[in-house]
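This briefing sets out the main computed features of one protein model. The sequence and structure come first, followed by notes grouped by topic.

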Amino acid sequence: MRRTLALTVALALLAALPTPEVANAATTLNQVIDNLRTWMIGLLVGLATLLLTVGGVRYLLAAGDPDALEKAKSTIKAALAGYALAALAPALVTVLQHIVG
C-alpha cells in the first residue's frame, strides 16, 4: 500500500514538472560558441562542486591521518581550480570567438 502511494506521489510530481523548451538549433557560429560557453561553465561548476564535496568528506573522515589530510587538501585545491576555470570560461570563449571570427 505504501509503495503504491509513494509511486503515485512520485508520478504526480514528475507530471507536474514543467517540460523544457526545445532549444533552437544554432544557425551561426556565434550561437554555437555561446552554447559551448554555457556547456563549459555548467560542466566545470558541476565537476568542481563534486570535487569540493568529495574533498570535504575526505577531510572530515581523515581523523588526523596526514596522508588522508593531504589527499583531501589536494582534492579541494582541484575543486578551486575548477571554479577558477569556470569563472574564466567566458573570457576564453570570447578570445576564441575573436580568433575564429
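**A buried threonine and its surroundings**

Thr75 is buried, its relative accessible area being 9%. The residue belongs to helix H3, in a model that is predicted. The protein as a whole has three helices and zero strands, and its elements follow the order α-α-α from the N terminus.

**Thr75 in helix H3**

- The Thr75 side chain comes to 2.8 Å from the backbone oxygen of Lys71.
- Apart from neighbours within four places in sequence, the contacts of Thr75 are Leu51, Val54, Gly55 and Arg58.
- Thr75 qualifies as buried because its relative accessible area of 9% falls under the 20% cut-off.

**Helix H2**

- Helix H2 covers residues 29-61, and helix H3 covers residues 66-100.
- The 33 residues of H2 should span 48 Å at 1.5 Å a residue, and the end C-alpha atoms are indeed 48 Å apart, so the expected and modelled spans agree.
- Ile33, Ala48 and Gly55 are the buried residues of H2.
- These buried residues of H2 pack against H3.
- Gly55, one of the buried residues of H2, is also among the contacts of Thr75.

**The salt bridge**

- Searching the whole structure yields one salt bridge.
- This salt bridge pairs Arg37 with Asp34, and their closest N and O atoms are 3.5 Å apart.
- Arg37 and Asp34 are separated by about one helical turn, because they stand three residues apart in helix H2.
- Arg37 is partly exposed, at 24% relative accessibility.
- Asp34 is likewise partly exposed, with a relative accessible area of 29%.
- Both values lie between the cut-offs of 20% for buried and 50% for exposed, so neither partner falls into the buried or the exposed class.

**The loop between H2 and H3**

- Ala63 sits in the loop that links H2 and H3.
- Although Ala63 is not a glycine, its phi is positive, at about 55 degrees.
- This positive phi occurs just after H2.
- Ala63 is exposed, because its relative accessible area of 75% is over the 50% cut-off.

**The nonpolar surface patch**

- A nonpolar patch on the surface is formed by Leu29, Val32, Leu36, Val95, Leu96, Ile99 and Val100.
- Together these residues have about 600 Å² of accessible area.
- Helices H2 and H3 each contribute at least two residues to the patch.
- The most is given by H3, which supplies four residues.
- Ile99, one of the patch residues, lies in helix H3.
- With 66% relative accessibility, Ile99 counts as exposed, because the value is over 50%.

**The protein overall**

- The protein has 101 residues, of which 12% are buried.
- The protein exposes about 8,100 Å², and 71% of this area comes from carbon and sulfur atoms.
- Of the contacts between residues at least 6 apart in sequence, 64% join residues at least 24 apart.

Technical notes:
Residues are numbered from 1 along each chain as its sequence is written. This is a predicted model: local features need pLDDT of at least 70, side-chain atom pairs count only at pLDDT 80 or more; totals for chains, interfaces and linings use all residues. Side-chain values use heavy atoms; hydrogens and water are left out. Patches are made of residues with over 30% relative accessible area and no salt bridge: like charges are joined within 9 Å, nonpolar side chains (Val, Leu, Ile, Met, Phe, Trp, Tyr) within 5 Å. Accessible areas come from the Shrake-Rupley method with a 1.4 Å probe; for residues, only the protein chains shown count as cover. A salt bridge is a side-chain nitrogen of Lys or Arg within 4 Å of a carboxyl oxygen of Asp or Glu. Buried means under 20% relative accessible area, exposed over 50%, partly exposed in between (1.4 Å probe, protein chains only). Contact means heavy atoms within 4.5 Å. A polar contact is a pair of N or O atoms within 3.5 Å; within protein, one must be able to donate a hydrogen and the other to accept it, and residues adjacent in sequence count only if both atoms are side-chain atoms. The expected span of a helix is 1.5 Å times one less than its number of residues.
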